[in-house]
Amino acid sequence: MNDKVFTKPIKKQFEFDEEVAAVFDDMLERSVPFYKESQKITEFFALKNLKEDGTLYDLGCSTGTLLLNIHRKLELNAVLIGLDNSEAMLARAKRKCEAYGADVTLCSADILEYRYKKADVFISNYTLQFIRPLVREELVKKIASSLNEAGVFIFSEKVISHQPTLNKELIECYYDFKKEQGYSEYEIIQKREALENVLVPYSEEENIQMAKNAGFSHCEVIFRWANFATFIAIK
């Protein structure tokens with residue numbers, strides 16, 4: 001289904017409800033530049049670092065597309081676990097996994113409170129930015145402590161620049177991208193207002209520093225387009 005969520009006046013802040021879940025895959029591809037490419041890079045590094053009988057967590061797994069793609073390429077025994085707090089998203093993820101016969105565990109959970117088992121890989125696609133800054137680093141610390149030695153955390157985030165002119169131009173560049181995907185000026189403004197104070201992005205440097213503060217030995221960007229970046233943090 002095509003994303004028409006913001007063609008009408010908004011009445012609430014953005015949330016991952018049934019209306020969003022129904023069009024989420026289309027929304028991602030039209031709202032996140034080079035989304036498929038960043039996902040392929042995420043899949044590559046996830047598969048490279050997942051060990052025999054190891055565990056992978058996808059935090060904020062939404063409709064399960066990434067987990068399904070990883071499952072298709074798996075050449076060893078491993079446990080794939082997707083966590084999300086949106087029942088609407090999980091319902092769609094479950095239907096997908098059942099349709100493809102994929103052995104993926106999907107859980108309704110608060111990723112801040114969940115008790116993680118030791119894992120080789122954690123993935124978070126545009127999820128941290130929805131976690132309040134006060135507790136965001138605590139979550140990343142929890143991820144680091146739950147990873148096996150040399151385990152990896154691959155995460156994608158919208159990023160900002162602290163140089164005001166550059167930040168303004170990055171936003172303009174992104175809005176031009178959205179217009180090219182068929183979104184109207186009205187839809188762009190509506191979504192921006194719905195996400196106000198819900199999505200709180202960090203700069204590239206702040207994300208890297210957060211990972212290092214949390215106990216990762218190394219963190220760097222492996223893909224970036226304007227104000228969208230994919231990071232890998234190594235324990």
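**Entry 1: salt bridges**

I began with K141 in this predicted model, and I found that K141 forms a salt bridge with E138, the closest N and O atoms being 3.6 Å apart. Both residues belong to helix α5, where three residues, about one turn of the helix, separate K141 from E138. I then looked up how far each partner is open to the outside: K141 is partly exposed at 33% relative accessibility, and E138 is partly exposed too, at 47%.

I next asked how many salt bridges a search of the whole structure finds. The search returns four, and I followed up two others besides the pair in α5.

The side chains of K73 and E43 meet in a salt bridge, with 2.6 Å from N to O. This pair links distant parts of the chain, since K73 sits in helix α3 (residues 65-73) and E43 in helix α2 (residues 35-49), 30 residues apart. K73 is partly exposed at 45% relative accessibility, whereas E43 is buried, with a relative accessible area of 4%.

R224 and E204 also join their side chains in a salt bridge, again with a listed N to O distance of 2.6 Å. Here, too, distant parts of the chain are linked, with R224 in strand β7 (residues 218-225) and E204 in helix α8 (residues 204-213), 20 residues apart. R224 counts as partly exposed at 36% relative accessibility, and E204 counts as partly exposed with a relative accessible area of 22%.

**Entry 2: a charged residue without a partner**

I stayed with α5, which spans residues 133-146, and turned to R136 within that helix. Which side chain of opposite charge is nearest to R136, and how far away is it? I found E157 at 4.4 Å, and R136, although buried, has no salt bridge. A salt bridge needs the side-chain nitrogen to be within 4 Å of a carboxyl oxygen, so the 4.4 Å to E157 does not qualify.

R136 does have a polar partner in the backbone, for the backbone oxygen of I131 lies 2.8 Å from a polar atom of the R136 side chain. Setting aside neighbours within four places in sequence, I noted that R136 is in contact with L128, Q129, I131, E157, V200, Y202 and M210.

I then looked from the side of V200, which lies in the loop between α7 (185-195) and β6 (202-203). V200 is partly exposed, with a relative accessible area of 29%. Leaving out neighbours within four places in sequence, V200 is in contact with Q129, P133 and R136. The C-alpha atoms of V200 and I131 are separated by 7.9 Å, although the two residues are 69 residues apart along the chain.

**Entry 3: the loop before α5**

T127 has its place in the loop between β4 (119-125) and α5. Is T127 buried or exposed? I found T127 buried, with a relative accessible area of 11%, and, not counting residues up to four places away in sequence, T127 touches L59, G60, I111, S156 and E157.

L59 drew my attention among these, as T127 and L59 are 68 residues apart in sequence and yet 7.2 Å apart in space, C-alpha to C-alpha. The side chain of T127 reaches the backbone oxygen of L59 at 3.0 Å.

**Entry 4: helices α3 and α6**

Returning to α3, I listed L66, L67, L68 and I70 as buried. The cover over the buried residues of α3 includes α2, β1 (54-59), β2 (78-84), α4 (87-100), β3 (105-108) and β4.

Helix α6 (residues 164-180) has 17 residues and reaches 25 Å from its first C-alpha to its last, close to the 24 Å expected at 1.5 Å a residue. Which residues of α6 are buried? They are N167, L170, Y174, Y175, F177 and K178. These buried residues lie on the same side of α6 because they cover an arc of only 155 degrees around the axis. On the other side of α6, I found K168 and E180 exposed.

I closed with the two ends of α6. At the N-terminal end, Q163 acts as a cap, with a side-chain oxygen lying 3.0 Å from the backbone nitrogen of T165. Just after α6, G182 takes a positive phi of about 100 degrees.

Definitions and conventions:
Residues are numbered from 1 along each chain as its sequence is written. This is a predicted model: local features need pLDDT of at least 70, side-chain atom pairs count only at pLDDT 80 or more; totals for chains, interfaces and linings use all residues. Side-chain values use heavy atoms; hydrogens and water are left out. Helices (H or I, at least four residues) and strands (E, at least two) are DSSP runs, numbered from the N terminus. The expected span of a helix is 1.5 Å times one less than its number of residues. Buried means under 20% relative accessible area, exposed over 50%, partly exposed in between (1.4 Å probe, protein chains only). The arc is that of the directions from the helix axis to the C-beta atoms. A polar contact is a pair of N or O atoms within 3.5 Å; within protein, one must be able to donate a hydrogen and the other to accept it, and residues adjacent in sequence count only if both atoms are side-chain atoms. Lys and Arg count as positive and Asp and Glu as negative; His and the chain ends are not counted. Contact means heavy atoms within 4.5 Å.
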